[in-house]
Amino acid sequence: MNPIYERSWDGRKAGTVKATVRSARAEDGAAILAIRNHAIEHSTALWTETPQTPAEGALWLAAHLERGSAFVAEAGGEVVGFAVYGPWRQYDGYRHTVENSVYVREGRHGLGVGSALMAVLVDAARDAGHHVMIAGIESGNEASVRLHERFGFRVVGVIPEVGTKFGRWLDLTLMRLAL
């Protein structure tokens, strides 16, 4: 991995946390799985109510590791967040478009971890030759929308009631960044 993606981040405002973003490794799988499963169980960020098993999590992570598109943020010796990008659609006409995901461990939100991850993720996708990055965000997740806006993403559409979780219909906000 190019060391340009291993960066320290001490934020831009008071109350941020010093985090180092680096390429993810297979041994980060348990920490990443814990963050993903917490999001599955307690949020509308992932539109499933079925937590991943360790085997499913390992397969999911392996695909991102093979692509070089997975990153973690560490603070105080622990993984406090992760970010990945992957294919937006499977047809070859979409091969230059990727979709991102950024997740921060519970209790670490609002401390600059997501920004640190997003900065590295966008640079990595750009350096890999991708043309556009897409974000599909549950419309009520204002913090995620704001994070993406700070990095230049723009809302290109909202699809009402396209998903469901916790007994309610969810709207999907689509955001786009030209890389």
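A residue is called buried when its relative accessible area is under 20%, exposed when that area is over 50%, and partly exposed in between. The legends below describe close-up views of a predicted model.

**View 1. A nonpolar patch on the surface includes valine 162.** Valine 162 belongs to strand E7, which covers residues 154–165. Its relative accessibility is 44%, so valine 162 counts as partly exposed. Together with Trp47 and Ile159, Val162 forms a nonpolar patch on the surface. The accessible area of these residues together is about 240 Å².

**View 2. Helix H1 has buried residues that are covered by other elements of the structure.** Helix H1 spans residues 29–42 and has 14 residues. At 1.5 Å a residue, helix H1 should span 20 Å, and its end C-alpha atoms are indeed 20 Å apart, which agrees. Which residues of H1 are buried? They are Ala31, Ile32, Leu33, Ile35, Arg36, Asn37, Ala39 and Ile40. The cover over the buried residues of H1 includes the helix H2 and the strands E3, E4, E5 and E7.

**View 3. Helix H3 is mostly covered.** Helix H3 runs through residues 113–127. From its first C-alpha to its last, H3 reaches 21 Å, close to the 21 Å expected for its 15 residues at 1.5 Å a residue. How many residues of H3 are buried? Of its 15 residues, 12 are buried. Among them are Val113, Gly114, Leu117, Met118, Val122 and Ala125. Glycine 129 follows H3 and has a positive phi, near 90°.

**View 4. Glutamate 74 and arginine 22 form a salt bridge.** Side chains of opposite charge can pair when their charged atoms come close. In the pair formed by glutamate 74 and arginine 22, the closest N and O atoms are 2.9 Å apart. Glutamate 74 lies in strand E3 (residues 70–75) and arginine 22 lies in strand E2 (residues 19–23), so the salt bridge ties together parts that are 52 residues apart in sequence. Is each partner buried or partly exposed? Glutamate 74 has a relative accessible area of 25% and is partly exposed, whereas arginine 22, at 5% relative accessibility, counts as buried. Both residues also belong to a network of salt bridges that links Arg22, Asp28 and Glu74.

**View 5. Glutamate 27 and arginine 25 meet in a salt bridge.** The structure holds six salt bridges. In the one between the side chains of glutamate 27 and arginine 25, the distance from N to O is 3.0 Å. Glutamate 27 has a relative accessibility of 58% and therefore counts as exposed. Arginine 25, at 39% relative accessibility, counts as partly exposed.

**View 6. A salt bridge between glutamate 78 and arginine 105 links distant parts of the chain.** The side chains of glutamate 78 and arginine 105 meet at 3.7 Å, N to O. Where do these partners lie? Glutamate 78 is in strand E4 (residues 78–87), and arginine 105 is in the loop between strand E5 (97–104) and H3. The two residues are 27 residues apart. Glutamate 78 is partly exposed, with a relative accessible area of 31%. Arginine 105 also counts as partly exposed, at 23% relative accessibility.

**View 7. Proline 54 is part of helix H2.** Helix H2 covers residues 54–67. Proline 54 has a relative accessibility of 64%, so this residue counts as exposed. Proline 54 and aspartate 127 are 73 residues apart in sequence. In space, their C-alpha atoms are 31 Å apart.

Technical notes:
Residues numbered from 1 in each chain as written. Predicted model: local features only at pLDDT ≥ 70, side-chain atom pairs only at ≥ 80, totals over all residues. Heavy atoms only, no water. Patch = residues over 30% accessible without salt bridge, like charges linked within 9 Å, V, L, I, M, F, W, Y side chains within 5 Å. Areas by Shrake-Rupley, 256 points an atom, 1.4 Å probe, with all protein chains shown as cover. Salt bridge = Lys/Arg side-chain N within 4 Å of Asp/Glu carboxyl O. Helix = DSSP H or I, 4+ residues; strand = E, 2+ residues; numbered from the N terminus. Buried < 20%, exposed > 50% of the residue type's maximum accessible area, 1.4 Å probe, protein only. Expected span 1.5 Å × (residues − 1). Contact = heavy atoms within 4.5 Å.
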